[in-house]
Amino acid sequence: MENSKLVSEFLSLVDVENFDTDYYRNISDGKYFGMPLKSIIDSEKRLCLESEKRIAYFSMEYGSATSFYNKFSSNIPVDERNMSQEQEVFSNFRLADYFFALNLNNIIDLPIYSGGLGVLAGDTAKTMADYRLPVACVGMLWSAGYFRQKFWFKYGQAPEQMRWHLGSYPGLIPFKNRVKIYLKNEEVTLKLWKYYVYNYAHDYAIPLILLDSNIEPNSDRAHRLTDQLYRSDNVWIKALQRIILGKGGVAALDGLGYNIDTFHLNEGHAVFAFIEKARGKTPEEVDDLRKHFVYTCHTPVQAGHDKFSYDNLSKVLKKEDLDIAYNFGKDSGGVVNLTLLAMNVSRVINTVSLNHQKVMHIQFPAYKENIKYVTNGVHPHTWISENYKQVFDNFTSAFGDVKANPMALEKALTLKDNQKFRADVWQAHQANKDVLCNFLDKWKLDQNIFTICWARRIAAYKRPSLILQDINRLLDIAKRIGPIQIIFAGKAHPADDLGFTYINQILDKVDGLTNVYDYLKVIMLENYEIYLAKMLTSGVDVWLNNPLPPFEASGTSGMKAILNGVIQISTFDGWVAEAADKEIGKIFGYRNEEGKIGDEYNLHIQDDAQKLYASLEEIVDLYYKTNLHGKVDLNSQWIDYMINCIACAGHFNTYRMLDEYKKIIWGRK
Ligand SMILES: *Cc1c(COP(=O)(O)O)cnc(C)c1O
């Protein structure tokens with residue numbers, strides 16, 4: 001009885017489509033796909049209360065991996081399309097590549113992200129839930145995901161269409177409500193979906209509203225607008241995807257009765273939300289609206305700032321919308337720049353690291369006052385491995401309850417002289433490395449061989465193949481000092497020719513190394529996704545991060561690594577610049593001059609490759625002095641580095657980040 005009351009209360013708040021035919025199977029007995037239904041009811045009620053200062057967080061992409069966090073269960077069989085598929089490996093051990101493939105048999109990540117920006121948005125949503133905030137997240141339901149990555153030797157990356165099944169993805173539900181947005185010559189109807197992001201304790205859950213244009217009565221073109229993330233076939237599709245997120249998102253929030261106080265634009269993509277809110281308002285009212293918008297900018301690279309000509313926008317936007325976009329967003333060249341637009345309509349802007357703030361102050365001096373910085377973080381409960389959780393739980397006298405207060409990881413420094421802690425940290429690391437070695441067992445990775453990883457989105461400024469520039473130098477280090485295992489992973493945007501070239505370069509170099517496998521193993525993995533990120537960031541000895549300064553606004557994958565005691569070799573860029581004096585590994589390479597940005601196309605490859613080898617040589621040497629064929633020297637400086645990393649993770653996490661959002665971004669004086 002009590003339970004059916006919960007279900008009717010839920011249904012009175014959340015208007016689920018096909019409840020009686022489908023969803024009743026997973027929303028019953030007080031449960032929502034295996035999680036407590038009451039948590040949703042609590043947060044949905046709060047989102048309708050006028051007394052709450054409600055926040056809407058807009059992002060084009062969200063990364064979350066149901067396979068290990070926010071784990072939903074389902075009473076209907078999961079469609080095969082929602083399960084991970086086999087994928088290949090490209091290594092210099094060709095025989096293994098030929099005979100074996102990898103498969104985790106996991107439910108796939110909700111396929112609505114492409115890389116770091118989405119993972120950050122997902123981590124932010126999870127932390128907002130942990131903080132029990134009255135927040136609604138808004139995003140897009142990409143029915144064809146981003147893309148599935150295949151490699152072909154002698155060719156490179158061959159993107160394939162990704163297919164998944166929305167109707168049976170656990171935790172995802174459709175709404176009866178439809179909302180409309182009005183464009184120049186058409187109306188686009190949007191179906192709404194919701195996915196709930198639970199907190200760690202599962203007693204609170206925030207809604208992620210997802211917009212879907214793939215329904216009647218939309219035109220054929222409009223049907224496809226929400227199929228593939230970052231489709232770039234033509235400029236109108238690019239503009240329309242952004243218009244749907246912003247305008248459609250506002251229409252959805254209104255339709256759901258959430259009266260929002262603060263609109264947080266995660267990237268300029270979502271800025272059309274302002275235009276939707278501004279429609280029909282007087283200039284004074286429009287000016288007042290700016291108090292309710294805040295904007296997080298994520299990149300200094302050119303490709304990150306969307307620009308649309310007046311002409312192109314005039315083909316899709318109504319005159320009134322176009323005027324607002326033009327008034328607030330035209331740059332000196334007369335085109336609408338979404339970064340500028342977002343800055344002009346926001347009360348406060350934040351960059352994602354201190355270094356990034358310096359860059360933006362140079363790029364946009366007129367906005368200096370409004371451009372603050374809040375360094376990114378990662379969600380600790382997602383990224384701490386079970387083995388490290390155990391270590392922290394064993395030292396509650398120093399850490400207290402890390403689950404409740406991840407900032408306490410800073411206390412790791414007080415345990416530096418504790419032999420048991422040093423031993424546990426090393427052992428937990430070896431156990432994580434073991435997981436990775438087992439996953440790749442056919443490639444005969446060795447737990448006691450130095451292992452380094454470069455994995456992230458493939459983009460020119462991130463310099464993916466830097467470590468392969470001088471193969472002879474690399475081989476010399478491996479032969480002289482000790483063997484090396486290198487793992488690569490990452491997707492290049494299908495329209496990014498330079499990215500494609502990088503993948504080609506890596507595959508080509510790997511192809512040329514077939515007879516040195518005894519001391520240099522190089523492995524390239526397809527489809528870098530969150531479950532792989534978790535295994536790699538926790539399972540290798542060193543995380544390699546070599547972007548060209550100052551173009552990595554923050555970077556977050558290294559933060560996942562330090563949470564697991566994985567040390568860094570990095571350039572002085574993004575978040576690492578703020579931790580450079582903390583001895584978390586080696587900082588190397590070119591630095592931009594203070595006060596100058598430099599040229600994002602002058603990559604300093606040759607010089608920086610040599611500097612990278614110098615750092616690598618020292619680190620490999622230290623590694624083999626620390627780990628002598630499995631016999632470990634616990635007093636080694638290596639363990640100090642690991643402990644420094646853990647201590648730093650007390651700062652570079654989303655708990656600290658949200659505390660700063662509250663103070664610097666959302667707080668209003
Ligand atoms: C964390 C993460 C990224 C971001 O990596 P950076 O090094 O910050 O660029 C990209 N992709 C996935 C799958 C991730 O988990």
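At what angle do the axes of helix α14 and helix α16 cross, and within what distance do they come? This is a predicted model. In it, α14 spans residues 386-394 and α16 spans residues 419-439. Their axes come within 9 Å and cross at roughly 165°. Angles over 145 degrees count as roughly antiparallel, so α14 is roughly antiparallel to α16. The crossing of the two helices is right-handed.

Now look at the residues that make this contact. From α14 come N387, Y388, V391 and N394. From α16 come F421, D424, V425, A428, H429, A431 and N432. By class, the contact has six nonpolar residues, four polar residues and one charged residue.

Next, turn to the nonpolar cores. The largest one has 127 residues. Which of them touch the most other members? They are F10, Y32, F58, I173 and L253. Helix α6, residues 235-255, supplies the largest share of this core, with ten residues.

F10 is a good place to start inside this core. Set aside its neighbours within four places in sequence. F10 is then in contact with V16, I27, Y32, L37, I40, I41 and I173. Two of these partners, Y32 and I173, also appear beside F10 among the residues that touch the most other core members. Another core lies apart from this one. That second core has 119 residues, including A96, Y113, F439 and W575.

The backbone has some points to check in the loops. Two peptide bonds are cis. One runs from E216 to P217, with omega near 0°. P217 sits in the loop between β11 (205-212) and α5 (220-223). The other cis bond joins P549 to P550, again with omega near 0°. P550 is placed in the loop between β21 (542-545) and α20 (557-562).

Phi is the next angle to inspect. R132 is a residue other than glycine, yet its phi is positive, near 50°. R132 lies in the loop that links α4 (116-130) to β6 (135-140). N527 also has a positive phi near 50°, and it too is not a glycine. Its loop runs between β20 (520-525) and α19 (530-539).

Is N527 buried or exposed? Buried means under 20% relative accessible area. N527 has a relative accessible area of 1%, so N527 is buried. R132 has a relative accessibility of 37%, so R132 counts as partly exposed.

Conventions: Residues are numbered from 1 along each chain as its sequence is written. This is a predicted model: local features need pLDDT of at least 70, side-chain atom pairs count only at pLDDT 80 or more; totals for chains, interfaces and linings use all residues. Side-chain values use heavy atoms; hydrogens and water are left out. Axes are lines fitted to C-alpha atoms, for helices over the stretch in contact, and angles run from 0 to 180 degrees between N-to-C directions. Helices (H or I, at least four residues) and strands (E, at least two) are DSSP runs, numbered from the N terminus. Angles under 35 degrees count as roughly parallel, over 145 as roughly antiparallel, 65 to 115 as roughly perpendicular and the rest as oblique. A crossing is left-handed if the near helix is turned anticlockwise from the far one by less than a right angle, and right-handed if clockwise. Contact means heavy atoms within 4.5 Å. Ala, Val, Leu, Ile, Met, Phe, Trp, Tyr, Cys and Pro count as nonpolar, Asp, Glu, Lys and Arg as charged, and the others, Gly among them, as polar. A nonpolar core is a set of buried Ala, Val, Leu, Ile, Met, Phe, Trp, Tyr and Cys residues joined through side-chain atoms within 4.5 Å. Buried means under 20% relative accessible area, exposed over 50%, partly exposed in between (1.4 Å probe, protein chains only).
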